[in-house]
Amino acid sequence: MSLETLSQNRSFGGMQGVYRHASDATGTDMTFALYLPPAAEKGPVPVLWYLSGLTCTHENAMTKSGAQEHAAREGIALIFPDTSPRGEGVADDPAYDLGQGAGFYVDATESPWAPHFRMWDYITRDLPGVVFDAFPLNRDAQGITGHSMGGHGALTIAMTIPETYRSLSAFAPIANPSESDWGRKQLGAYLGSDPEKWAPHDATLLMRDRGYPGEVLIDQGTSDQFLDLLRPEALSAAMAARRQPSVMRMQPGYDHSYFFIQTFMGDHIRWHAERLHQV
């Protein structure tokens with residue numbers, strides 16, 4: 001598969017690259033960022049997928065999270081995908097929380113979204129097929145994390161395909177979208193009006209039904225301006241009822257911004273590295 005290099009920059013002894021490829025899943029060109037730590041020069045390294053939130057591209061976490069220094073020290077690669085298909089002929093909406101920049105990590109079935117909005121397939125099949133062919137990454141040592149909409153994606157994907165993702169964490173995830181305006185609107189638009197079709201994409205419902213075979217780390221700020229939309233209490237209750245091995249930290253005074261993510265990114269990367277290096 002053709003892979004176009006858009007940029008490469010040395011960072012903490014490793015390489016931060018931005019790449020573009022033609023996606024079978026979305027039917028569009030897709031851009032992603034990938035950081036390779038210095039350890040990748042000696043052979044395949046574990047990889048951590050970072051799924052971003054509403055309005056973001058590959059660039060937000062790449063430039064704002066401060067993740068590269070931690071990844072270099074821990075010897076793991078980072079992948080920052082885009083959050084939706086983009087370009088001419090791709091459906092969009094004037095609202096910031098639907099359409100381009102708001103793919104919600106589902107495979108849309110409804111018009112006008114179905115032809116291109118196939119972000120579940122893109123994250124779980126299409127992009128892995130590109131990166132594992134092109135870069136020194138250990139396919140057997142994959143972890144996944146994300147922020148907000150991306151935290152929703154990380155949790156739902158890992159609980160559905162736990163054999164692929166050996167470690168799991170999230171920053172301020174949209175935890176119960178079936179019961180939130182950040183969820184009902186988007187899942188209804190992409191998947192239709194039947195809530196039964198939303199259930200496989202609701203982390204709280206998945207936690208109740210199946211859980212995750214490993215430990216889960218979640219950080220949530222107590223001053224997050226979107227707390228009522230995120231519904232962390234629903235996910236916390238589901239984890240407690242299931243007795244899911246987990247660490248859920250309510251961080252005093254932190255909001256929903258990348259300052260919050262920067263503060264705890266090192267903790268999350270160490271969490272994943274400890275588990276992925278054991279694979």
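Colleague: In which loop does Arg231 lie?

Modeller: Keep in mind that this is a predicted model. Helix H7 covers 227-230 and helix H8 covers 232-242. Arg231 sits in the loop between H7 and H8.

Colleague: And is Arg231 buried, exposed or partly exposed?

Modeller: First, the backbone: phi of Arg231 is near 55 degrees, a positive value in a residue other than glycine. Most residues other than glycine have a negative phi. As for accessibility, buried means under 20% and exposed means over 50%. Arg231 has 23% relative accessibility, so it counts as partly exposed.

Colleague: What about Ser148, is that one buried or exposed?

Modeller: Ser148 also has a positive phi, near 60 degrees. Its place is in the loop between strand S6 (137-146) and helix H4 (149-160). The relative accessible area of Ser148 is 3%, so this residue is buried.

Colleague: Which residues does the cis peptide bond join?

Modeller: Most peptide bonds are trans. Here, one has omega at about 0 degrees. The proline involved, Pro112, lies in the loop between strand S5 (77-80) and H3. The cis bond joins Ser111 and Pro112.

Colleague: Which helix gives the largest share of the largest nonpolar core?

Modeller: In soluble globular proteins, nonpolar side chains tend to be buried together. The largest nonpolar core here has 86 residues, and those touching the most other members include Phe32, Trp49, Val131 and Tyr190. Eight residues of this core, its largest share, come from residues 119-134, which is helix H3.

Colleague: Moving on to empty space, how many charged residues are in the lining of the largest pocket?

Modeller: That pocket holds about 250 Å³ of space. Its lining has 14 residues, with Leu54, Thr55, Cys56, His147 and His256 nearest the centre. By class, the lining has six nonpolar residues and seven polar ones, and the number of charged residues is one.

Colleague: Which elements give two or more residues to the lining of the largest cavity?

Modeller: The structure holds one cavity of 30 Å³ or more, and the space in the largest cavity is about 30 Å³. Leu48, Tyr50, Ala67, Leu78, Phe80, Thr145, Met265 and Ile269 line this cavity. The elements you're after are strand S4 (45-51), S5 and helix H9 (258-276).

Colleague: How many polar residues are in the lining of that largest cavity?

Modeller: The residues lining the cavity include Leu48, Phe80, Thr145 and Met265. Sorted by class, seven are nonpolar and none is charged, and the polar count is one.

Methods: Residues numbered from 1 in each chain as written. Predicted model: local features only at pLDDT ≥ 70, side-chain atom pairs only at ≥ 80, totals over all residues. Heavy atoms only, no water. 1 Å grid on protein atoms, 1.4 Å probe; cavity = no way out; pocket = protein on both sides within 12 Å on 5 of 7 lines; lining within 4 Å. Points joined across faces, edges and corners; volume = space filled by probe spheres on them. Nonpolar A, V, L, I, M, F, W, Y, C, P; charged D, E, K, R; others polar. Core = buried A, V, L, I, M, F, W, Y, C linked by side-chain atoms within 4.5 Å. Buried < 20%, exposed > 50% of the residue type's maximum accessible area, 1.4 Å probe, protein only. Helix = DSSP H or I, 4+ residues; strand = E, 2+ residues; numbered from the N terminus.
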